[in-house]
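Student: I have a chain open on my screen and some time to go through it. Can we take it piece by piece?

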Amino acid sequence: MSIVGALNTASMGMSVQATRLAAASNNMANSSTPGYKTLRANLSTLSGAPGVQASVSTQPGQSSVSSDPSTDMLTLVESKDSFAANADVFEAGADMWQVLMSMKRD
């Protein structure tokens, strides 16, 4: 994988984790709101390219559901850790890119 590919994949990973985080935090904030439908972040792989994408939907067939706080808290922690891991990969790729650019200038 090229440096640009690693940067792109890490960027997609951060975007996916931000979507998961938004859905889980929305569920927690609205858990006692009458008529609220629990949100679910659906992850899928991209066809023909490395990486994943996320979309948010309500739980099918449910009218009004209070979300499970323990599941949402676990999702928040997983999303935070996964976002941080992707950010580290992105930063390492950016550092490698900068080293390559400085070598080219010299």
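Student: Where is A54 found?

Tutor: A54 is in strand β2, which covers residues 52–58. Keep in mind that this is a predicted model.

Student: Which residues does A54 touch?

Tutor: Leaving out residues up to four places away in sequence, A54 touches V16, T19, N42 and L43.

Student: Is A54 buried or exposed, or partly exposed?

Tutor: A54 has a relative accessible area of 27%, so A54 counts as partly exposed. Buried would need a value under 20%.

Student: And how far apart are A54 and S44?

Tutor: Their C-alpha atoms are separated by 6.5 Å, and A54 and S44 are 10 residues apart along the chain.

Student: Step back a bit. How many helices and strands are in the chain?

Tutor: The chain has two helices and two strands. Along the sequence they come in the pattern α-β-β-α.

Student: What share of the chain is buried?

Tutor: Of the 106 residues, 21% are buried. The accessible surface of the chain is about 6,900 Å², and carbon and sulfur atoms hold 59% of that surface.

Student: What about contacts between residues 24 or more positions apart?

Tutor: Counting contacts with a separation of 6 or more, 63% are between residues 24 or more positions apart.

Student: New topic. How many salt bridges are there?

Tutor: A search of the whole structure gives two. In one of them, R20 pairs with E78, and the closest N and O atoms are 2.9 Å apart.

Student: Which parts does that pair tie together?

Tutor: R20 is in helix α1 and E78 is in helix α2, so the salt bridge ties together parts that are 58 residues apart in sequence.

Student: Are R20 and E78 buried or exposed?

Tutor: R20 has a relative accessibility of 15%, so R20 counts as buried. E78 is partly exposed because its relative accessible area is 34%.

Student: Which residues meet in the other salt bridge?

Tutor: K80 and D81, through their side chains, at 2.9 Å from N to O. K80 is exposed, with a relative accessible area of 53%. D81 has 42% relative accessibility and counts as partly exposed.

Student: Why would such side chains pair at all?

Tutor: Side chains of opposite charge can pair when their charged atoms come close.

Student: Okay, pockets. How much space lies in the largest pocket?

Tutor: About 190 Å³. Its lining has 14 residues, and L39, A41, T71, D72 and T75 are the closest to the centre.

Student: Which elements give two or more residues to that lining?

Tutor: Those are α1 (3–29), β1 (39–45) and α2 (69–105).

Student: How many of the lining residues are nonpolar, polar or charged?

Tutor: By class, the lining of the largest pocket has five nonpolar residues, five polar ones and four charged ones.

Student: One last residue. Where does A22 lie?

Tutor: A22 lies in helix α1. Its relative accessibility is 41%, so A22 counts as partly exposed.

Student: How far apart are A22 and R40?

Tutor: In sequence, A22 and R40 are 18 residues apart. In space, the distance is 10.0 Å, C-alpha to C-alpha.

Conventions
Residues are numbered from 1 along each chain as its sequence is written. This is a predicted model: local features need pLDDT of at least 70, side-chain atom pairs count only at pLDDT 80 or more; totals for chains, interfaces and linings use all residues. Side-chain values use heavy atoms; hydrogens and water are left out. On a 1 Å grid over the protein atoms alone, a cavity is a set of points where a 1.4 Å probe fits but cannot get out, and a pocket is an open set with protein on both sides within 12 Å along at least five of seven lines; lining residues have an atom within 4 Å of a point. Grid points are joined across faces, edges and corners, and a volume is the space filled by probe spheres set on the points. Helices (H or I, at least four residues) and strands (E, at least two) are DSSP runs, numbered from the N terminus. Ala, Val, Leu, Ile, Met, Phe, Trp, Tyr, Cys and Pro count as nonpolar, Asp, Glu, Lys and Arg as charged, and the others, Gly among them, as polar. Buried means under 20% relative accessible area, exposed over 50%, partly exposed in between (1.4 Å probe, protein chains only). A salt bridge is a side-chain nitrogen of Lys or Arg within 4 Å of a carboxyl oxygen of Asp or Glu. Contact means heavy atoms within 4.5 Å. Accessible areas come from the Shrake-Rupley method with a 1.4 Å probe; for residues, only the protein chains shown count as cover.
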